Amino acid sequence: MLSRFKKINIKDYYIGLSVILFTSLCSQDFESKYNLEFNPNFSNQWWSHYNNYGQEPSKINFSYNAQYQKNKTNYYFLVLASKDRVDISESFIKSQLFDSTYLKAGKYYRDFSIYLNDELSSGSILISKNAKPMPKIGLLSSYKLKKNENIDFNFGISHGLFKKNEIYNKAPMLHEKFIYLNYKKNKNQLKVGIVHEAIWGGGTEIDGNFPSSFKDFLKIFISEDGPLLEGDSHANALGNHLGIWDFSYIRTIDNKILKIYYQHLFEDTSGLRFANRYDGLWGLELVNYVPKTNILLEYLDTTNQFINPPYVQESYYNHGEYPEGWSYAGYALGNPFINAGNYSDVNPLKMLHIGIGYNELSEYNYQLLFSRKIDTSDPIKYKIVFGKVVDSLLLNMFIIGEEGQKNNIGIDISYYL
């Protein structure tokens, strides 16, 4: 993990305060939530450190979340604060341009893999809520076949920007695009998609500035190979590319929902052709099979990333020319169990994850998260939350820990408007 420095961003502080004051004044038009968390037995346990919007654990955390829709535009804000920092987290404007096409701009996570339950999941393979949201601007659209009402497509493209720091003397850029084929009939939905991500441009002290012209962008768009360098077995594409084949099946009967999904990770054409076998994230989620409860089971496998060198010779999330790999502000952009920024470490693993929780506010509330590697000796990483709703207040007590270590016990208070 890369080093991070705690400091208050004065600009973010005033923006965050302005957002809270403005949305509070307009509370009758907003859906909003205030949250205050106390960690008296503060520690660096897994579930307090990861899948936490890129925030370092703190003894006191505050968040304010609001969303507002007017005409054809949706506004979304999330402000996070601790004792010594204020961050504008996921905050964006999404505006309808015309019939099924939207412009989206701000700091946001993803518009693909929308079936994934981020509250219970171990994390999307590509864009989870493990890191801070990246500043992006994008177009989203969909198209429905006129001759077959059961089939439609949704697709999108966006441009993002990484951070300039002690490693990148010029901030790299993000290219992101996706397309999904969706088939829906009766109570069944089947979705097959492909998502392509690429880090390009920017520069480092060691390698200098990387190509960043419009012509270079076109090469990034189609993952065109660069020149064959001496000592390499094959030519590599310009930039750092990765993506997923995304499969999901959803069956809905009354209020019961069955979800089955698989995110197949690839970083070059070998993975695109499934030469890395079944690597990726497999998931099953049951909704309301137990009343008002979601039950999620996930299996993560990355053990085939180095099975047939040089054809299949990967180090997932890592890259030689972009030393921070598939990470942003010190945290992996995807699933936190796959390490980023350590090019020398292949990090193969098999991991099992279980998430259980209420799917609506009711008198009582709970959430259970359990994760561990199953191909090696590894302590169970867990988060246990129990709470009660009193009027518009949700009062939670939580325990975060790892097997054999001291627990982190705290309380969480949320107020809904």
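**Figure 1. The hairpin of strands S7 and S8 in the predicted model.** Strand S7 spans residues 134-144 and strand S8 spans residues 151-161. The two run antiparallel and are joined by nine bridges. Six residues lie between S7 and S8 in this hairpin. Within the pairing, Ile137 is found opposite His159 of S8.

**Figure 2. The pairing of strand S8 with strand S10.** Strand S10 comprises residues 173-185 and runs antiparallel to S8. The number of bridges that join S8 to S10 is 11. One position of this pairing is Leu161, whose bridge partner in S10 is Met173. S8 is thus shown here with S10, whereas the preceding view shows S8 with S7.

**Figure 3. The surroundings of Glu176 in strand S10.** Is Glu176 buried or exposed? The relative accessibility of Glu176 is 3%, and Glu176 is therefore classed as buried, the limit being under 20%. The side chain of Glu176 forms a polar contact of 3.3 Å with the side chain of Lys136. Leaving aside residues up to four places away in sequence, Glu176 touches Phe112, Ile127, Lys136, Gly156, Ile157, Ser158, His196 and Glu197.

**Figure 4. The environment of Gly193 in strand S11.** Strand S11 covers residues 188-200. Gly193 has a relative accessible area of 2%, and because buried denotes values under 20%, this glycine counts as buried. Residues up to four places away in sequence being excluded, Gly193 is in contact with Ile179, Tyr180, Ile244, Trp245 and Asp246. Asn182 is 11 residues from Gly193 in sequence, and their C-alpha atoms are 8.5 Å apart.

**Figure 5. The environment of Gly355 in strand S20.** Strand S20 is formed by residues 350-358. With a relative accessible area of 0%, Gly355 is buried. Which residues does Gly355 touch, not counting residues up to four places away in sequence? They are Leu120, Asn294, Ile295, Leu296, Leu368 and Leu369. The C-alpha atoms of Gly355 and Glu285 are separated by 9.1 Å in space, while the two residues are 70 apart in sequence.

**Figure 6. The largest nonpolar core and the contacts of Leu300.** This core contains 46 residues. The members that touch the most other members are Ile125, Leu126, Phe162, Leu300, Trp326 and Leu333. When residues up to four places away in sequence are left out, Leu300 touches Ile125, Gly280, Leu281, Asn335, Phe337, Ile338, Leu349, Lys350 and Met351. A second core, separate from this one, has five residues, among them Tyr76, Leu78, Phe92 and Tyr108. In soluble globular proteins, nonpolar side chains tend to be buried together.

**Figure 7. The whole chain as context for the close-up views.** The predicted chain holds four helices and 24 strands. Of its 417 residues, 46% are buried. How much of the exposed area do carbon and sulfur atoms supply? Their share is 58% of the about 21000 Å² that the chain exposes. Among contacts between residues at least 6 apart in sequence, 56% join residues at least 24 apart.

Technical notes:
Residues numbered from 1 in each chain as written. Predicted model: local features only at pLDDT ≥ 70, side-chain atom pairs only at ≥ 80, totals over all residues. Heavy atoms only, no water. Pairing = 2+ DSSP bridges. Buried < 20%, exposed > 50% of the residue type's maximum accessible area, 1.4 Å probe, protein only. Contact = heavy atoms within 4.5 Å. Polar contact = N/O pair within 3.5 Å; in protein donor to acceptor, adjacent residues only side chain to side chain. Areas by Shrake-Rupley, 256 points an atom, 1.4 Å probe, with all protein chains shown as cover. Core = buried A, V, L, I, M, F, W, Y, C linked by side-chain atoms within 4.5 Å.
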